[in-house]
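Subject: A structure for you to look at

Hello,

I am passing on the structure we talked about, with some notes on what turned up in it. Please open it alongside this message and tell me what you think.

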Amino acid sequence: MYTVSAQAHYDAAHFLRNYEGKCQRLHGHRYVVEAAVQTAVLNEAGIAFDFVDLKRELRALAELLDQYNLNDLPYFQEVETSAENQARWFYDELKKRLPP
């Protein structure tokens, strides 16, 4: 099995609506997101997955969240802005952008 991964970062504010404690107030983070893709086969160039494509798409998605209050973005109007739900958003969006 071959694994290719890339990282990106974004700075964003958020608050947790369904949480009691400090995180229910508006606060910010520098998030680092890492995406990994796997395959059992290499292409004719000996590449599992084009790292350039993965990095480009991951960074483009991170840019969509950078310098925003996540709670103001359409997706997070209905979904809690937890790190886990942000990870789900990245997964779902990358799935749309990358080949199967």
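E80 counts as buried, because its relative accessibility of 15% is under the 20% cut-off. This is a predicted model, so please read everything below in that light. E80 sits in the loop that runs between helix 2 (75-78) and helix 3. What does its side chain reach? The backbone nitrogen of N18 lies 2.9 Å from the side chain of E80. If neighbours within four places in sequence are set aside, the contacts of E80 are F15, L16, R17, N18 and N85. Y19 is also worth a glance: 61 residues separate it from E80 in sequence, while their C-alpha atoms are 9.7 Å apart in space.

The loop before that, between helix 1 and helix 2, holds two asparagines to look at, N71 and N69.

N71 has 5% relative accessibility and therefore counts as buried. Its side chain reaches the backbone nitrogen of F15 at 2.8 Å. Leaving out neighbours within four places in sequence, N71 is in contact with H14, F15, R17, F76, Q77 and T81. F15 and R17 appear here, and both are on the list for E80 too.

N69, at 18% relative accessibility, is buried as well, because the cut-off is 20%. The side chain of N69 reaches the backbone nitrogen of N71, at 3.0 Å. Beyond four places in sequence, the contacts of N69 are A13, H14, F15 and L26. You can follow the polar contacts from one residue to the next: the N69 side chain goes to the backbone of N71, and the N71 side chain goes to the backbone of F15.

Is Q67, in the loop between helix 1 (51-65) and helix 2, buried or exposed? With 58% relative accessibility, Q67 counts as exposed. Its backbone deserves a look, since phi is near 70°, a positive value in a residue other than glycine. Most residues other than glycine have a negative phi.

Now to the aromatic residues. How many aromatic pairs does a search of the whole structure find? The search gives 4. One of them is Y10 with Y31, a stacked pair with 4.9 Å from centre to centre and 20° between the planes. This pair links distant parts of the chain, as Y10 belongs to strand 1 (residues 2-14) and Y31 to strand 2, 21 residues apart. Y10 and Y31 are both buried. Another pair is W89 with F90, which is edge-to-face, with 5.0 Å between the centres and 85° between the planes. W89 is buried, with a relative accessible area of 9%, and F90 counts as buried at 3% relative accessibility. Y10, Y31, W89 and F90 together form one aromatic cluster.

Next, the pockets. The largest pocket holds about 330 Å³ of space. Its lining is made up of 14 residues, and V37, F49, L98, P99 and P100 are the ones that lie nearest its centre. Which elements each supply at least two residues of this lining? They are strand 2 (27-39) and helix 3 (83-97). Strand 2 gives the most, with 5 residues. By class, the lining has 11 nonpolar, 2 polar and 1 charged residues.

Finally, the chain as a whole:

- The chain has 3 helices and 2 strands, and along the sequence they follow the pattern β-β-α-α-α.
- The C-alpha atoms fill a box of roughly 50 × 20 × 20 Å along the principal axes.
- Of the 100 residues in the chain, 33% count as buried.
- Among contacts with a separation of 6 or more, 66% are between residues 24 or more positions apart.

If you have time for one region, I would start with the side chains of E80, N71 and N69, which reach the backbone nitrogens of N18, F15 and N71 respectively. I look forward to hearing your thoughts.

Best wishes

Key: Residues numbered from 1 in each chain as written. Predicted model: local features only at pLDDT ≥ 70, side-chain atom pairs only at ≥ 80, totals over all residues. Heavy atoms only, no water. 1 Å grid on protein atoms, 1.4 Å probe; cavity = no way out; pocket = protein on both sides within 12 Å on 5 of 7 lines; lining within 4 Å. Points joined across faces, edges and corners; volume = space filled by probe spheres on them. Helix = DSSP H or I, 4+ residues; strand = E, 2+ residues; numbered from the N terminus. Nonpolar A, V, L, I, M, F, W, Y, C, P; charged D, E, K, R; others polar. Buried < 20%, exposed > 50% of the residue type's maximum accessible area, 1.4 Å probe, protein only. Contact = heavy atoms within 4.5 Å. Polar contact = N/O pair within 3.5 Å; in protein donor to acceptor, adjacent residues only side chain to side chain. Phe/Tyr/Trp six-rings, centres within 6.5 Å; stacked < 30°, edge-to-face > 60°.
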